[in-house]
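Let's take a walk through this structure, one region at a time. Keep the viewer open and follow along.

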Amino acid sequence: MADYPTVEVTTDLLIVGGGMAATGCAVEAAYWGKKNGVKVTAVDKAAFTRSGAVAMGLSAINQYVGVNEGQNTCEDYVHYVRQDLMGISREDLVFNIARHVDSSVHLFEKWGLPIWLDENGRYVHEGRWQLMINGESYKVIVAEAAKNAMDAAGFEIYERVFIVAPIMDGDRIAGAVGFGTRDDKFYVFKAKAVICALGGAVHVFRPRSTGEGQGRSWYPPFNSGSSAFFTIKAGAEMTCQEVRFIPVRFKDAYGPVGAWFLLFKSRATSATGGEYMVVRKEELNNWAPYGLAKPIPANLRNYLGMLDVEAGLGPLYMETAEAIQNIAAQFKDDPKAFKKKMKDLESEAWEDFLDMTISQAILWAASNIMPETSRSEIAACEPYFIGSHSGASGAWVSGPEDLDTPYKWGYGNMCTVKGLFACGDASGASSHKFSSGSHAEGRFAAKEAVRFCVENPTMPNVDAAALEALKKEILQPLDTYAENCKMTTAPEINPNYIKPMSYMHRLQKMMDEYAGGWGSGFKTSKALIERGLELMAMLKEDAAKLGAKNVYDLERCWENIQRTWQAEAHMRTVLFREETRWPGYYFRADKPKMDEANWHCFANCKWDPKTGEWTMIKRDVVPLIP
Ligand code: SFD
Ligand code: AMP
């Protein structure tokens, strides 16, 4: 076995992940942990200050309810999410996040995040729920607060440790294992409770950006399905694994569109100039009641654009020039004011990208796009798994104790596995939490997890032999490579192992062609998924033959194995749900209609660690409020 010394860390509460949700966990756990004598430890595969989806920054906070300002109520937010997710959401979870999110935003501001203010000192809204920020250092600011809180409480953060898998004591969580990405060590974290906040999954499907554009994606390529893998492997019930998210973005560099649609009130059009949201309005009748209420769900907005593309009316465009001119038009009688407004709008347009998707600004510059004079191409991207944005995949977690909800089996945000909690992208059916809601949910989950530790003070048992076997399995790709790499002159090609890049391409091709990726026009069917699952079984056999040249390769190997489990949960659930509910995300061509009578429910799944069998489960959707 590769010579990796084992480092053992014993703690009470382990937080895995260091993104928006985990930083929320850290500030709250530090406070409650210190107060209650519960030791807290956090682990991130990167560095807290620049890890996860917000690494590059963001230009907006997408969830702010504004309860104090009397702008909205938490009930309004529940209605919004119910509508956007075509009726399928855990309203108890959505409500709980909504009632805590404003305080997270106020903390961000206190910690130094510049939120745009108008001339009356009020937050500038991008849309009803969204606030504009100067957010290039958003993650640094939020991470610093988390690090300070952990530090002040005397708790440790491990950075650059890749978490691979949970460790179990029967059906109770007992910790997690992983390896250092720079120090060639194997880490064993033993804990009474674990919060999983390992982000979403990118590059499960073939991306649009391949070849020279490989690695470019909307969501960060380093979010690779660790949350799904971790919770599935622990035996947790999962939900909404079919509800992937397809963002529509500026083409090829994935620049955000929210500011254009909401702040600049831009239109999106086909090549011939038709506005698909207007031209194809009739189509929305087929998706009633959701198609007929406002705001029109994100997947239906996507779908109308996709119909234009299918009809040969592509490319699609964001009418940036028209939108800018429309806003500046109010100053048309004052040339000086007009010029100034145009300049301001132009810089806001560029800043929107420079705050969060810098490569889009570079691409605009490189391709002579001037937003005030030329329109710019948009396109539906490849699918992503992200429980925090407009998708919904994640673990099935317990609702808050004080709410009247049937979904309660323990502590708030605890999975169906004792002691295992999930939040952010890792928890499902509670979409539209975004960066701020993920942080708020993390705070709530951490408080509950500390309570779990106080009320369940015995340390779980961990079988030493099982741990040693896990270590061997995790380091196996290094051994497989070392034993065989001399057998061919080109070490990339070898009959005895598969390199992680080749493996990833195989996974992505399979998902694209059989599970409705962009290459298949986002369409799939029972027969395609069944064939995909046959190929998946063979891919999983070959996963045991992954070869890693060094620790970086080892990380890539495990990221891809984790993606594979996310992919399998997705295919199984798409197969299970015999209808099309989210056209624009995916289309079951053999079941082209929504079936409210039979499928107005959650489609859950569960993998049994003892038998290796998957079970599919229907769960009722019970509204929290009328
Ligand atoms: O414009 C391991 N998001 C937006 N949210 C907003 O509020 N406003 C926006 O403007 C947003 N937009 C946006 C967004 C994201 C991106 C990438 C773009 C644009 C380009 C969404 C939010 O960012 C998102 O909702 C939250 O960040 C989710 O939080 P969380 O904690 O669930 O995920 P994370 O922040 O990515 O953190 C994951 C962490 O896990 C670590 N990790 N650590 C150890 N071992 C492993 N195996 C690990 N695997 C992952 C990561 O390092 C990271 O720390 S817009 O499009 O709408
Ligand atoms: P995006 O940049 O697409 O992620 O959008 C940012 C925010 O605006 C998210 O909360 C989206 O759900 C919302 N949004 C984007 N476009 C629209 C639209 N056309 N109508 C309503 N909400 C939108």
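Start with helix α16, residues 551-576, which lies across β7 and β8 and runs at about 55 degrees to β7. Keep in mind as you look that this is a predicted model. Helix α16 has company over those strands: helix α5 (residues 226-233) also lies across β7 and β8 (172-180), at about 15 degrees to β7.

So what sheet do those strands belong to? It's an open sheet of 4 strands in the order β1-β9-β8-β7, and the pairing is mixed. At its edges you'll find β1 (6-10) and β7 (161-169), each of which pairs on one side only. On average, neighbouring strands in this sheet are turned by 20 degrees against each other, direction ignored. Moving to the β1 end, strand β9 (residues 186-190) runs parallel to β1, and 5 bridges join the two. If you want a specific pair to click on, take Thr 10 and look for its bridge partner Lys 190 in β9.

Now hop along to strand β10, residues 193-196. Which of its faces are covered? Both: Ala 193 and Ile 195 are buried on one side, and Val 194 and Cys 196 are buried on the other. That odd-even split fits a general habit: in a regular strand the side chains alternate between the two faces of the sheet. As for partners, β10 runs parallel to strand β2 (residues 13-16), with 4 bridges joining them. Val 16 is the residue standing opposite Cys 196 in β10. Strand β17 (residues 420-422) pairs with β10 too, again in the parallel sense, over 3 bridges. There, Ile 195 has Phe 421 of β17 as its bridge partner.

Another open sheet of 4 strands is worth a look, this one with antiparallel pairing and the order β12-β15-β14-β13. Its edges are β12 (248-250) and β13 (268-269); each has a single partner strand, so one side of each has no neighbour in the sheet. For β13 that pairing is with strand β14 (residues 316-318), antiparallel, over 2 bridges. Thr 269 finds its bridge partner in Tyr 317 of β14.

On to the charges. The count of salt bridges comes to 39, taking a side-chain nitrogen of Lys or Arg within 4 Å of a carboxyl oxygen of Asp or Glu. One of them joins the side chains of Asp 308 and Arg 280, at 2.5 Å from N to O. Asp 308 sits in helix α8 (residues 298-310) while Arg 280 is in the loop between α7 (276-279) and α8, so this pair ties together parts that are 28 residues apart in sequence. How buried or exposed are the two ends? Asp 308 counts as buried because its relative accessibility is 2%, whereas Arg 280, with a relative accessible area of 23%, is partly exposed.

Helix α8 has a second salt bridge to show you. Here the side chain of Glu 310 meets that of Lys 523, at 2.6 Å from N to O. This pair links distant parts of the chain: Glu 310 is in helix α8 and Lys 523 in strand β18 (residues 523-524), 213 residues apart. Both ends count as partly exposed, with Glu 310 at 49% relative accessibility and Lys 523 at 30%.

For a contrast in accessibility, go to Arg 581 and Glu 579, whose side chains meet in a salt bridge of 2.7 Å, N to O. Arg 581 is buried, at 0% relative accessibility, and Glu 579 is buried at 0% as well. Don't stop at the pair, though: salt bridges that share partners join Glu 242, Arg 577, Glu 579, Arg 581 and Glu 596 into one network.

Finally, come back out to the surface. Which residues form a nonpolar patch there? They are Met 56, Leu 354, Ile 358 and Ile 362, with about 350 Å² of accessible area together. Ile 362 belongs to helix α11 (residues 358-366). Its relative accessibility is 54%, and since exposed means over 50%, Ile 362 counts as exposed.

How values were computed. Residues are numbered from 1 along each chain as its sequence is written. Chains are lettered from A and ligands numbered from 1 in the order in which they are written. This is a predicted model: local features need pLDDT of at least 70, side-chain atom pairs count only at pLDDT 80 or more; totals for chains, interfaces and linings use all residues. Side-chain values use heavy atoms; hydrogens and water are left out. Two strands pair if DSSP finds at least two bridges between them. Axes are lines fitted to C-alpha atoms, for helices over the stretch in contact, and angles run from 0 to 180 degrees between N-to-C directions. Contact means heavy atoms within 4.5 Å. Patches are made of residues with over 30% relative accessible area and no salt bridge: like charges are joined within 9 Å, nonpolar side chains (Val, Leu, Ile, Met, Phe, Trp, Tyr) within 5 Å. Accessible areas come from the Shrake-Rupley method with a 1.4 Å probe; for residues, only the protein chains shown count as cover. Buried means under 20% relative accessible area, exposed over 50%, partly exposed in between (1.4 Å probe, protein chains only).
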